[in-house]
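Me: I would like to go through this model by asking what justifies each label. Please start with the term you will lean on most.

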Amino acid sequence: MLNQPAGALNAPGPAELFAQADRARRETIGDRVYLRGLIEFSNYCHRSCLYCGLRRENKVLSRYRLSDQQILAAANAAAKAGVDTVVLQSGEDPANTKKRIARLVACIKDTTGLAITLSLGSRNTASYRLWKEAGADRYLIKHETADPELYAKLHPGDSLQRRIDSLRRLGDLGYAVGTGFIIGVPGQNEAALEQDIQLVREIRAQMCGIGPFIPQQNTPLAHSPPGSVVKTLEAIARLRIACPHLNMPATTALASLAPEKGQLLALRAGANVIMPNFTPSEQRSKYRIYDGKKAVNMDIALRAIAEAGRIYQPSQVTPC
Ligand code: SAH
């Protein structure tokens, strides 16, 4: 069982910190919660990130790639359900050719009219440019940790500098960029949160997702303890206060560690976005970045919004 020890969620927590963050959120963003419909369209990945179940060394994972048709059907379902954005996410899959992604983006834009976020990892500028021209609006690529040494250890063959470079190139091309980081990943030190918040400011991110580390069984970090739900909520609150206008999702990782209340607690700690999952059910369980990943669907999202006393406005665009 991956859940936190029973007492953790009831711990008194820094009520004043959460109240201050909630106030900052209300005064800048208001009560509306934005829904980003997530489509995890391929779990192939050529990277070896130590914490992630999609890493190429994981031979146990059954791999899948959605067809163009399946992706378009999922995007239409998300649009009909009333999300305001479609998020296309995958591992770093060599089958994501520049042209295929551009075609998909143009087609989804055409049929749904919704904002499109891509989350496909590090790519060259020519690809990022073509996808922007095809209609992509935002790009999500988390910096994961702002500690360069830890980043290098967790991501063989990659560096924090390269990740930041991707974020900057995306910003220069006119994307709204989203980043994010993991709380409690093995090797993280006490100064980490300050560094992470500083980096979010430096790269002028417009979105930042904060999730707890969750061990995944077929990875080198399988036996490390999970990150803390309370520390994750505190990080959300502190970032909200530091960057009041930022879009901040209640992450699926948080919902997975605190299944009953994760989304609600995050909304109360400063989050203003939920990402319901529209990956077809047959493939959903195979996008196993960590164990016990929760399927956040529209019902769960809408319930959390209602319980938090916040507002959901279905998108104005009508899909054809
Ligand atoms: N390939 C894409 C995103 C794929 S995974 C990219 O490179 O941007 C999406 C996110 O899941 C990652 O950015 C990471 O923050 C999170 N993640 C992966 N494994 C995790 C784990 N074991 N615990 C917590 N979060 C994890």
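Reply: Buried means under 20% relative accessible area, exposed means over 50%, and partly exposed covers what lies in between (1.4 Å probe, protein chains only). The model is predicted, so that local features need pLDDT of at least 70 and side-chain atom pairs count only at pLDDT 80 or more, whereas totals for chains, interfaces and linings use all residues. Residues are numbered from 1 along each chain as its sequence is written, and side-chain values use heavy atoms, with hydrogens and water left out.

Me: Why does Arg36 count as buried?

Reply: Its relative accessibility is 9%, which is under the limit for that label, and therefore Arg36 is classed as buried. Arg36 belongs to strand S1 (residues 34-42), where strands (E, at least two residues) and helices (H or I, at least four) are DSSP runs numbered from the N terminus.

Me: What is in contact with Arg36, leaving aside its neighbours within four places in sequence?

Reply: Contact means heavy atoms within 4.5 Å, and on that basis the partners of Arg36 include Asp84, Thr85, Val87, Arg138 and Asn247, together with Val273, Ile274, Met275 and Pro276. The C-alpha atoms of Arg36 and Thr117 are 8.7 Å apart in space, although 81 residues separate the two in sequence.

Me: How do you know whether Ser122 is buried or exposed?

Reply: Ser122 has a relative accessibility of 12%, so it is counted as buried. This serine sits in the loop between strand S3 (115-119) and H5, and, when residues up to four places away in sequence are not counted, it touches Arg47, Glu92, Tyr128, Ile141, Arg162, Arg163 and Ser166.

Me: What makes Tyr128 and Trp131 an aromatic pair, and why is the pair called edge-to-face?

Reply: Rings of Phe, Tyr and Trp (its six-membered ring) pair if their centres lie within 6.5 Å, and planes under 30 degrees apart count as stacked, over 60 as edge-to-face and the rest as tilted. A search of the whole structure finds three aromatic pairs; in the one formed by Tyr128 and Trp131 the centres are 6.2 Å apart and the planes are at 70 degrees, so both conditions are met. The two residues are three apart in helix H5 (residues 125-134) and are therefore separated by about one helical turn. Tyr128 is buried at a relative accessible area of 0%, and Trp131 is likewise buried at 0%.

Me: What justifies the edge-to-face label for Tyr128 and Tyr139?

Reply: Their ring centres lie 5.0 Å apart with the planes at 65 degrees, so this pair too is edge-to-face. Because Tyr128 lies in helix H5 and Tyr139 in strand S4 (residues 138-140), the pair ties together parts that are 11 residues apart in sequence. Tyr139 is buried, its relative accessible area being 1%, and Tyr128, Trp131, Tyr139 and Tyr175 form one aromatic cluster.

Me: Why is H8 called oblique to H9?

Reply: Axes are lines fitted to C-alpha atoms, for helices over the stretch in contact, and angles run from 0 to 180 degrees between N-to-C directions. Angles under 35 degrees count as roughly parallel, over 145 as roughly antiparallel, 65 to 115 as roughly perpendicular and the rest as oblique. Helix H8 (residues 192-202) packs against helix H9 (residues 229-242) at about 40 degrees, with the axes 11 Å apart, and H8 is therefore oblique to H9. The contact is made by Leu193, Glu194, Ile197, Val200 and Arg201 of H8 with Ala235, Arg238, Leu239 and Ala242 of H9.

Me: What makes H2 oblique to H9?

Reply: The axes of helix H2 (residues 15-28) and H9 come within 8 Å and cross at roughly 45 degrees, which means that H2 is oblique to H9. The H2 side of the contact includes Leu17, Phe18 and Gln20, and the H9 side includes Leu233, Glu234 and Ala237.

Me: How do you know whether Arg204 is buried or exposed?

Reply: Arg204 has a relative accessible area of 70%, so it is exposed. Arg204 is found in the loop between H8 and strand S6 (207-212) and has a positive phi of about 55 degrees although it is not a glycine. Glu144, also a non-glycine, has a positive phi of about 65 degrees; Glu144 lies in the loop between S4 and helix H6 (148-154) and, at 13% relative accessibility, is counted as buried.
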